Amino acid sequence: MTNALKVAVLPGDGIGNEVTPAAIAVVERAIAVTGGPGLFTETLTAGAQAYLDTGTALSDEVKRAAEAADAIYLGAMGLPAVRYADGTEITPQIDLRFLFDLYAGVRPTRAIPGVPTPLADPRAADIDFVLVRESTEGLFASLGKGVVENDAVARDFQVITRATTEKVSRFTFDLAARRAAARPGHAAKVTLIDKANVFASFAFMRKVFDEVASTYEGIAAERLYVDASTLTFVGKPWTFDTIVTENMFGDILSDLAAALVGGMGYAPSADIGDAHAVFQPAHGSAPDIMGTGKANPTAAILSGAMMVEWLAERHDIAAYADAARLINRAVDAAFAGGGLLTCELGGSAGMRQVTDAVLAAIDAPA
Ligand code: ATP
Ligand code: MG
């Protein structure tokens with residue numbers, strides 16, 4: 001008998017406060033329907049508004065509570081108008097990646113039937129890949145350490161380590177194996193995206209990736225230069241399966257990937273380490289639409305499904321795996337037929353309509 005698992009919930013700023021309750025409600029409903037043990041949720045305050053109110057964006061108390069929880073769910077953090085005294089942005093969501101060594105930024109990209117894609121090719125309906133963004137080094141290792149010398153030259157730097165490259169590569173191959181196991185007839189493939197032809201750090205990354213790849217029999221490994229990869233992202237993204245790439249490249253390519261399947265409102269994500277994981281929609285706090293009811297909760301809801309799936313595996317709870325599948329199926333059912341068109345795609349469906357449609361699909365008999 002498992003004790004109730006605890007989720008630290010950090011709604012954060014802007015539309016994070018709107019999509020988070022919707023996602024948690026969907027998760028709790030799906031767990032109730034599949035008969036899983038109820039989650040214990042603890043809501044914590046962090047982000048730009050917290051900084052304004054208390055002088056701290058991510059307090060030690062919140063860090064401790066997040067560390068003690070079985071999973072962390074985050075809405076969105078940061079507000080363009082609120083900055084630290086040195087002018088830098090308030091990004092506790094990035095601080096958490098370094099704090100808990102969340103090296104694998106997992107960004108699934110799946111075409112939802114009924115949600116328009118910008119690609120005319122009918123094979124766009126088959127888009128279903130996962131991009132794993134290394135999230136603790138790469139160019140982001142320079143975060144807070146870049147320098148402007150004498151107002152004449154600015155420098156940032158990139159760090160690629162063997163240890164992290166091995167870990168994130170293994171993570172991606174293991175993910176590819178799990179995806180193949182869940183999809184009969186599906187051939188697992190891992191694509192490394194780098195710029196090994198120009199930079200020593202990327203050549204090293206590719207060498208370490210190749211070493212890891214050679215230990216996985218039965219999973220194809222391919223390597224693409226980042227410039228060439230953009231042609232595949234737009235020209236035939238349905239040929240991707242799992243992708244692993246450096247932090248900055250992953251930052252850019254995951255937004256490109258989101259655009260293929262409807263935009264930021266459809267892009268879930270997870271930042272996963274060996275001991276902790278943060279689940280959050282890939283979008284930001286979107287202050288331009290906050291309070292209007294236009295925020296699309298789909299990305300937040302799908303991030304909730306990723307959380308339940310991760311908890312299912314770690315704690316071996318079959319009902320949670322069922323709940324994750326139920327949420328994904330309910331999202332598909334909500335959008336099926338194309339009648340639910342969200343605001344960012346020119347329609348009028350917002351927070352309420354999408355959340356209600358997903359909840360109704362969860363309750364509908366299978
Ligand atoms: P961050 O720096 O945190 O990545 P950002 O500056 O990239 O944030 P977002 O907050 O992600 O910006 O918003 C980018 C655009 O996408 C905005 O115009 C916003 O309105 C839109 N957007 C983001 N999330 C959603 C959503 N869930 N539903 C609808 N539109 C969204
Ligand atoms: Mg962004």
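**Reading burial, contacts and strand pairing**

Modeller: Let's start with one residue in this predicted model. Setting aside neighbours within four places in sequence, isoleucine 127 is in contact with Thr109, Arg110, Ala111, Pro237, Trp238, Leu260 and Val261.

Colleague: Where along the chain is isoleucine 127 found?

Modeller: Isoleucine 127 is in the loop between β4 (104-110) and β5 (128-134). Its C-alpha atom is separated by 8.8 Å from that of lysine 236, although the two are 109 residues apart along the chain.

Colleague: And how do I read burial: is isoleucine 127 buried or exposed?

Modeller: Count the C-beta atoms within 10 Å; 20 or more others make a residue buried. Isoleucine 127 has 21, so it is buried. Valine 234, in helix α7 (residues 226-235), is partly exposed because it has 13 C-beta neighbours inside 10 Å. From valine 234 to alanine 259, the C-alpha distance is 9.9 Å, with their positions 25 residues apart in sequence.

Colleague: Can we do a strand next? How many residues of strand β3 are buried?

Modeller: In a regular strand, side chains alternate between the two faces of the sheet. For β3 (residues 71-76), six of the six residues are buried, so the strand is largely enclosed by the rest of the structure.

Colleague: Which strands are joined to β3 by bridges?

Modeller: Strand β1 (residues 6-12) runs parallel to β3, with five bridges; glycine 12 has alanine 76 as its bridge partner. Strand β12 (residues 277-281) is also parallel to β3, through two bridges, and there tyrosine 73 stands opposite phenylalanine 279.

Colleague: Finally, which residues come nearest to ligand 1?

Modeller: Of the 14 around ligand 1, those are Gly265, His283, Gly284, Ala286 and Asn296. The shell divides into six nonpolar, six polar and two charged residues.

Methods:
Residues are numbered from 1 along each chain as its sequence is written. Chains are lettered from A and ligands numbered from 1 in the order in which they are written. This is a predicted model: local features need pLDDT of at least 70, side-chain atom pairs count only at pLDDT 80 or more; totals for chains, interfaces and linings use all residues. Helices (H or I, at least four residues) and strands (E, at least two) are DSSP runs, numbered from the N terminus. A residue is buried if 20 or more other C-beta atoms lie within 10 Å of its own, exposed if 12 or fewer, and partly exposed in between; C-beta atoms are placed from the backbone. Two residues are in contact if their C-beta atoms, placed from the backbone, lie within 7 Å. A residue is near a molecule or strand if its C-beta atom, placed from the backbone, lies within 6 Å of it. Ala, Val, Leu, Ile, Met, Phe, Trp, Tyr, Cys and Pro count as nonpolar, Asp, Glu, Lys and Arg as charged, and the others, Gly among them, as polar. Two strands pair if DSSP finds at least two bridges between them.
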